[in-house]
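Biologist: I'm still new to reading structures, so could you take me through one part slowly? Please give me a close look at the place where the two chains meet.

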Amino acid sequence: MAKLVLTNAQVFVNAVDISNHVSSVTIESTRDEVDVTSMGDTSKEIVLGLNDVTFTVTIFNDYAAASLDSQMFPLHQTNTPFVVEVRPVNGARSTSNPAYTITALLPSYSPIAGSIGDAATTDLVFRNAAQTGMQRLVA
Amino acid sequence: MTEYGTYTVTGDQPVQDAKTGEAVAPGKQVRLDRQLGRELAFLGVVKAGEADAEPERVTCPQCEALDRSRPFKTASDEELADHYADKHPAFAAPIVEELKSNG
């Protein structure tokens, strides 16, 4: 298994490949730690509880017609979940290039954020919005 | 059941094909769920192709023969077969494409 420097990750939001505007991507899946330690136990014991998933994608925003801002704004406004998919490398899904997907909503969106001289970047924080949670697809 | 349509990618960004999961480059044709296709077409990311036109529906010939006020209409062989089994069980359901070609 080769080690990988992330240079060409692939990000789809609502089926649109936005990779060429992405500067960073982070996938975080957590399960609640539920304490089930009971009388007589000598060690703490936990079980895994509810799952939560967040995909954070930092983009260079683009206000051109049919580009990122015009796509993200309606996604931020809708309550209809959509699919976000991230792959380590821009290429077909495979066992060595797994795709992580969630059905998500975009609860917050900052279309413009920055100071003079900065690139117009925006953090897109996609939150899990379906019981399927995060999926790992290899085909 | 998900219905797919064929669209042309018109924006600057590739679009994910609903069947293969792969990115389709601008200028090429991509298959999308119709609902998503409509949304992306509205945004100018894709353009609906001819294949995305709503499928032509045919009227049930038995309903027409019986002069039903609300004849059954469909574009699906499966739906027509179900309709025949339910409403016209004595007849074999025709094929939608044959009904179209017979006018």
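Modeller: Happily; here is a walk through that meeting place, with one surface feature at the end. Please keep in mind that this is a predicted model.

Let's begin with who touches whom. On one side, chain A brings 19 residues into contact, and on the other, chain B brings 14. The size of an interface is often given as the accessible area lost when the parts come together. For chain A and chain B, the buried area is about 1,300 Å², and carbon and sulfur atoms give 51% of it.

Now for the charged and polar links. There is one salt bridge between chain A and chain B. To find it in your view, look for R87(A) and E22(B): their side chains meet at 3.1 Å, N to O. Six residue pairs are also in polar contact between the two chains, counting pairs with both residues at pLDDT 80 or more.

Which elements of chain A supply the side that touches chain B? At least two residues each come from β1, β2 (16-17), α1 (68-77) and β5 (82-87). The largest share belongs to α1(A), with four residues. Sorted by class, this side of chain A holds eight nonpolar, seven polar and four charged residues.

Finally, turn to the surface feature I promised. L4(A), L6(A) and V89(A) make a nonpolar surface patch of about 270 Å². One of these residues, L4(A), sits in the segment before β1 (10-13) of chain A, and β1 is among the elements you just met on the side that touches chain B.

Methods. Residues numbered from 1 in each chain as written. Chains lettered and ligands numbered in written order. Predicted model: local features only at pLDDT ≥ 70, side-chain atom pairs only at ≥ 80, totals over all residues. Heavy atoms only, no water. Patch = residues over 30% accessible without salt bridge, like charges linked within 9 Å, V, L, I, M, F, W, Y side chains within 5 Å. Areas by Shrake-Rupley, 256 points an atom, 1.4 Å probe, with all protein chains shown as cover. Salt bridge = Lys/Arg side-chain N within 4 Å of Asp/Glu carboxyl O. Contact = heavy atoms within 4.5 Å. Buried area = accessible area lost by both parts, 1.4 Å probe. Polar contact = N/O pair within 3.5 Å; in protein donor to acceptor, adjacent residues only side chain to side chain. Nonpolar A, V, L, I, M, F, W, Y, C, P; charged D, E, K, R; others polar.
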